[in-house]
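Biologist: I'd like a close look at one part of this model, the largest nonpolar core. Which residues hold the most contacts there, and which elements feed into it?

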Amino acid sequence: MYKKVKNYAIQNNLTVDEKSGLAYGQVNGVFLAIQQDPATPAKHAVQLWVKPGTIEPAPAISAFLTQCTSKFQYLQSAVYGNGRITAEFQGIGFKWGKNYVPCMDAFLKEITAYCNDNGLAICCEACDTPYDLSLYVIDGVSHVLCPACYANVSDRIRQNINEKKKGGNGNVVGGIVGAFLGALIGVVLWVLIYQLGYISAIGGAVMIICAMKGYEMLGGKLNTTGIIISCVLSVVMLLLAEQISLSIEIFNIYQEYYEITFFDAFRAAPAFLEEPEIRTAVIGDVAIGYILMAVGAWGTVRQALKTGSGKQDVKRITSVSGASVRNGSDF
């Protein structure tokens, strides 16, 4: 979890679950959870599970949240539905590191005050019952559910796993062709950006993403085998993209002095790598490309591995009892 958000949570007596990327507990007497995005440090989802209580008429929750999105700088979206308020925060710009947590803190104070002032009651997000609730993390998303609704969710998860197992491995040959064609898109992007004088890290990430999508489109199913094939192809294709980029540079320089074609330059590229200066530059480009490829595509690969394997992570975090969000309730 992002260090400043973690420190904020601890200072406000919230419980931090590092493995789940989750902080949860009461703020101003209202139970809520702060979920860390697994791929982006400065991205968090704040969730509250509430329904209109005894105060009539029912408060216009959605209208209030719309006002909040224009009021708080880093609040990208805030919606209410199915008994759950979900507010998405993301740090953007140059000063977000300094202002991000204070912005989130101001929102939490305002939204919890709103819940208390309007008598909103904590509830199961699926059936609205306020009793015998627990906080779960299912595939990285927080949920507050009663035992019956959790049982229904568990049944759906088992059905999804069985359906994936029945689906077999798909068309591996077609998947390989699709992954190759998808990776080619990354090669083209790498070469184009390289000509502008930059290391095309985004080209590496595009290779993996497009390779996996291509495998799924032509293979019919992106399973663990398909993900591994897509990643291996992307690693190899990045080397090809770097050789093409080097060959273009060789061709542009030597065509003024010799009658050579691009293919002559391409065949000569390995010989140029014997020059220490060129070899060092190429190794540096490739190394940085692989590092940024891994960083940029980690979230996508992780989710694809989970989806492809048919596995879904379900973890019960804590009980959340009580029929009111107000201070003094039995949590």
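Modeller: Here's a walk through that core, with some context on the chain around it. Keep in mind that this is a predicted model.

Let's begin with how far to trust it. The average pLDDT over the chain is 83, and 86% of the residues score at least 70. The stretch to be wary of is 322–331, where pLDDT stays under 50. The model does give that stretch 34 contacts beyond four places in sequence, but where pLDDT is low, the predicted coordinates shouldn't be read in detail.

As for the overall layout, the chain has 9 helices and 11 strands. Out of its 331 residues, 43% count as buried. Take the contacts with a separation of 6 or more, and 62% of them join residues 24 or more positions apart.

Now for the core itself. It has 34 residues, and the ones touching the most other members are Ile 34, Val 46, Phe 89, Phe 107 and Leu 108. Three helices give two or more residues each: H1 (3–11), H2 (61–71) and H3 (96–117). Strands S2 (22–27), S3 (30–36), S4 (43–48), S6 (75–81) and S7 (84–90) do so too. H3 gives the most, with 9 residues. As a general matter, nonpolar side chains tend to be buried together in soluble globular proteins.

Ile 34 is a handy place to zoom in. Skip its neighbours within four places in sequence, and its contacts include Met 1, Val 5 and Leu 14, then Gly 21, Leu 22 and Ala 23. Ile 34 also meets His 44, Ala 45 and Val 46, plus Met 104 and Leu 108.

There's a second, separate core too, with 27 residues, among them Leu 233, Leu 238, Leu 246 and Ala 265. Leu 246 turns up again in the lining of the second largest pocket, along with residues such as Tyr 194, Glu 249 and Phe 272. That pocket holds about 160 Å³ of space. By class, its lining has 9 nonpolar, no polar and 1 charged residues. Helices H7 (224–254) and H9 (276–309) each give two or more residues to the lining, and H7 has the largest share, with 5.

One last stop is Ser 20, in the loop between strand S1 (15–17) and S2. Is Ser 20 buried or exposed? Ser 20 counts as buried because its relative accessible area is 16%, and the cut-off is under 20%. Beyond four places in sequence, Ser 20 touches Gln 35, Val 137, Lys 315 and Ile 317.

Terms used:
Residues are numbered from 1 along each chain as its sequence is written. This is a predicted model: local features need pLDDT of at least 70, side-chain atom pairs count only at pLDDT 80 or more; totals for chains, interfaces and linings use all residues. Side-chain values use heavy atoms; hydrogens and water are left out. A nonpolar core is a set of buried Ala, Val, Leu, Ile, Met, Phe, Trp, Tyr and Cys residues joined through side-chain atoms within 4.5 Å. Buried means under 20% relative accessible area, exposed over 50%, partly exposed in between (1.4 Å probe, protein chains only). Helices (H or I, at least four residues) and strands (E, at least two) are DSSP runs, numbered from the N terminus. Contact means heavy atoms within 4.5 Å. On a 1 Å grid over the protein atoms alone, a cavity is a set of points where a 1.4 Å probe fits but cannot get out, and a pocket is an open set with protein on both sides within 12 Å along at least five of seven lines; lining residues have an atom within 4 Å of a point. Grid points are joined across faces, edges and corners, and a volume is the space filled by probe spheres set on the points. Ala, Val, Leu, Ile, Met, Phe, Trp, Tyr, Cys and Pro count as nonpolar, Asp, Glu, Lys and Arg as charged, and the others, Gly among them, as polar. pLDDT is the predictor's confidence in each residue, from 0 to 100.
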